[in-house]
Structure formats: C-alpha cells, structure tokens
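This report looks at charged side chains: how they pair and where they sit. Have the sequence and the structure at hand.

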Amino acid sequence: MLLGASAGKALLGSSFRVTQVRGTVPEEEIHGRRERLVPTVHPSSVPRADDRESAYDGLLSDLKVAARLLE
C-alpha cells in the first residue's frame, strides 16, 4: 500500500501522482520482485480535505481493496 504521494515518489520516482493512479492496482518491480500496489492518499490528509466525508470514504474503499488482496 502506498500511503500518499511521498511514499509513491520514494518507490516509483518523481513522476508518481496518487490522484492519477488511485483506484488501480498497478504491478511494479520493487527491489527485484513484482509487487501489487494500492495507491491512496495519506490518512493524515483526510481531516484537511474540503470534503472530509468523501475523502474518508475514498480512503476506506482503498483499504478494503488492500485487505481483499491479502486474503
């Protein structure tokens, strides 16, 4: 799970944009292994969002995707 743009950029490079890949499950090679990623906003951004309810719902949806991938 990539929690926010900083985590995404650290792993995937400066062109990573969480808003462009959120809602997808890309596969990337990380340290020589193929990994499925779940990009989402950092949880600390939810209280600062203009529409907190929508931001929270989106984060919760992303966490459910990650949980299903772990089953």
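Arginine 34 forms a salt bridge with glutamate 27, and their closest N and O atoms lie 4.0 Å apart. The model is predicted, so read this distance as a computed value. Arginine 34 counts as exposed because its relative accessibility of 53% is over the 50% cut-off. Glutamate 27 has a relative accessibility of 42% and counts as partly exposed.

How many salt bridges does a search of the whole structure find? The search finds three. The table lists them with their N to O distances.

| Positive residue | Negative residue | N to O distance |
|---|---|---|
| Arginine 34 | Glutamate 27 | 4.0 Å |
| Arginine 33 | Glutamate 35 | 3.1 Å |
| Arginine 22 | Aspartate 62 | 2.6 Å |

**Arginine 33 and glutamate 35**

The side chains of arginine 33 and glutamate 35 meet at 3.1 Å, N to O. Arginine 33 is exposed, at 55% relative accessible area. Glutamate 35 is partly exposed, at 26% relative accessibility.

**Arginine 22 and aspartate 62**

A salt bridge joins the side chains of arginine 22 and aspartate 62, with 2.6 Å from N to O. Arginine 22 sits in the loop between helix H2 (18-21) and strand E2 (27-30), and aspartate 62 sits in helix H3, so the pair ties together parts that are 40 residues apart in sequence. The two side chains also make a polar contact, again at 2.6 Å.

Is aspartate 62 buried or exposed? Aspartate 62 is buried: its relative accessible area is 7%, and the cut-off for buried is under 20%. Its partner, arginine 22, is partly exposed, with a relative accessible area of 30%.

**A patch of negative charge**

Which residues gather in a patch of negative charge on the surface? They are Asp50, Asp51, Glu53 and Asp57. One of them, aspartate 51, lies in the loop between strand E4 (39-40) and helix H3 (52-70). Aspartate 51 counts as partly exposed because its relative accessibility is 47%, which falls between the 20% and 50% cut-offs.

Helix H3 also holds aspartate 62. Aspartate 51, in the loop between strand E4 and helix H3, is partly exposed at 47% relative accessibility, whereas aspartate 62 is buried at 7% relative accessible area. Aspartate 51 belongs to the surface patch, while aspartate 62 is in a salt bridge with arginine 22.

How values were computed
Residues are numbered from 1 along each chain as its sequence is written. This is a predicted model: local features need pLDDT of at least 70, side-chain atom pairs count only at pLDDT 80 or more; totals for chains, interfaces and linings use all residues. Side-chain values use heavy atoms; hydrogens and water are left out. Patches are made of residues with over 30% relative accessible area and no salt bridge: like charges are joined within 9 Å, nonpolar side chains (Val, Leu, Ile, Met, Phe, Trp, Tyr) within 5 Å. Accessible areas come from the Shrake-Rupley method with a 1.4 Å probe; for residues, only the protein chains shown count as cover. Lys and Arg count as positive and Asp and Glu as negative; His and the chain ends are not counted. The place of a charge is taken as NZ of Lys, CZ of Arg, CG of Asp or CD of Glu. Helices (H or I, at least four residues) and strands (E, at least two) are DSSP runs, numbered from the N terminus. Buried means under 20% relative accessible area, exposed over 50%, partly exposed in between (1.4 Å probe, protein chains only). A polar contact is a pair of N or O atoms within 3.5 Å; within protein, one must be able to donate a hydrogen and the other to accept it, and residues adjacent in sequence count only if both atoms are side-chain atoms.
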